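Student: I would like a close look at one part of this protein. Please take a single helix and walk me through how its residues are placed.

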Amino acid sequence: MAPFNTPAIRRLFAAILQLNTEEECQQFFEDICTIKEVQDMSQRLEAAILLDQGEGYQSISEQVGISTATISRVSKCLNYGAGGYRQAIDKMKEEGRL
């Protein structure tokens, strides 16, 4: 896996942080990603949210439409990763978006 600490990746993250609204995010991601890439990311986030809520792998697979192998990878990241899923989920809870 390529390191996340390159100038180009830091610029990408900086660009994302400049977006202020959901509409701006939608427009940016529509331009920079394929619909499949955005769908894949959204499915992984949904899986993380459902895992956080105590749902089982099979139930998540049926609800979200992803494999249990993908759910397993999401679970590892949620529990032992860099903390990105946890931060996002906790902030969404605080803002009443979950």
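Tutor: What follows is a short tour of the whole chain, then a close look at helix α5. Keep in mind that this is a predicted model.

Start with the setting. The protein has 6 helices and 0 strands. Read from the N terminus, its elements run α-α-α-α-α-α. The C-alpha trace spans about 35 × 35 × 25 Å along its principal axes. Of the 98 residues, 16% are buried. The accessible surface is about 7,300 Å², and carbon and sulfur atoms hold 53% of that. Take the contacts with a separation of 6 or more: 29% of them join residues 24 or more positions apart.

Now turn to helix α5. This helix covers residues 68–80, which makes 13 residues. How far apart should its ends be? At 1.5 Å a residue, the helix should span 18 Å. Its end C-alpha atoms are 18 Å apart, so the model agrees with the expected span.

Next, ask which residues of α5 are buried. They are T70, I71, V74, S75 and L78. These residues cover an arc of only 140 degrees around the axis, so they sit on the same side of α5. Look at the spacing of the numbers with this rule in mind. An α-helix has 3.6 residues a turn, so residues three or four places apart point the same way.

What does the buried side pack against? The buried residues of α5 pack against three helices: α3 (35–52), α4 (57–64) and α6 (84–94). The other side of α5 is another matter. There, R73, K76 and Y80 are exposed.

One of those partners, α3, deserves a brief stop. M41 lies in helix α3. Is M41 buried, exposed or in between? Its relative accessibility is 37%, so M41 counts as partly exposed. Set aside its neighbours within four places in sequence, and M41 is in contact with F29 and C33. T6 is 35 residues from M41 in sequence, and their C-alpha atoms are 21 Å apart.

For a second case, go to helix α1, residues 7–17, where R10 lies. R10 has a relative accessible area of 41%, so this residue is partly exposed. R10 and N20 are 10 residues apart along the chain, with 18 Å between their C-alpha atoms.

Back to α5 to finish. Its buried residues are on the same side, and R73, K76 and Y80 are exposed on the other.

How values were computed
Residues numbered from 1 in each chain as written. Predicted model: local features only at pLDDT ≥ 70, side-chain atom pairs only at ≥ 80, totals over all residues. Heavy atoms only, no water. Helix = DSSP H or I, 4+ residues; strand = E, 2+ residues; numbered from the N terminus. Buried < 20%, exposed > 50% of the residue type's maximum accessible area, 1.4 Å probe, protein only. Contact = heavy atoms within 4.5 Å. Areas by Shrake-Rupley, 256 points an atom, 1.4 Å probe, with all protein chains shown as cover. Expected span 1.5 Å × (residues − 1). Arc of directions from axis to C-beta.
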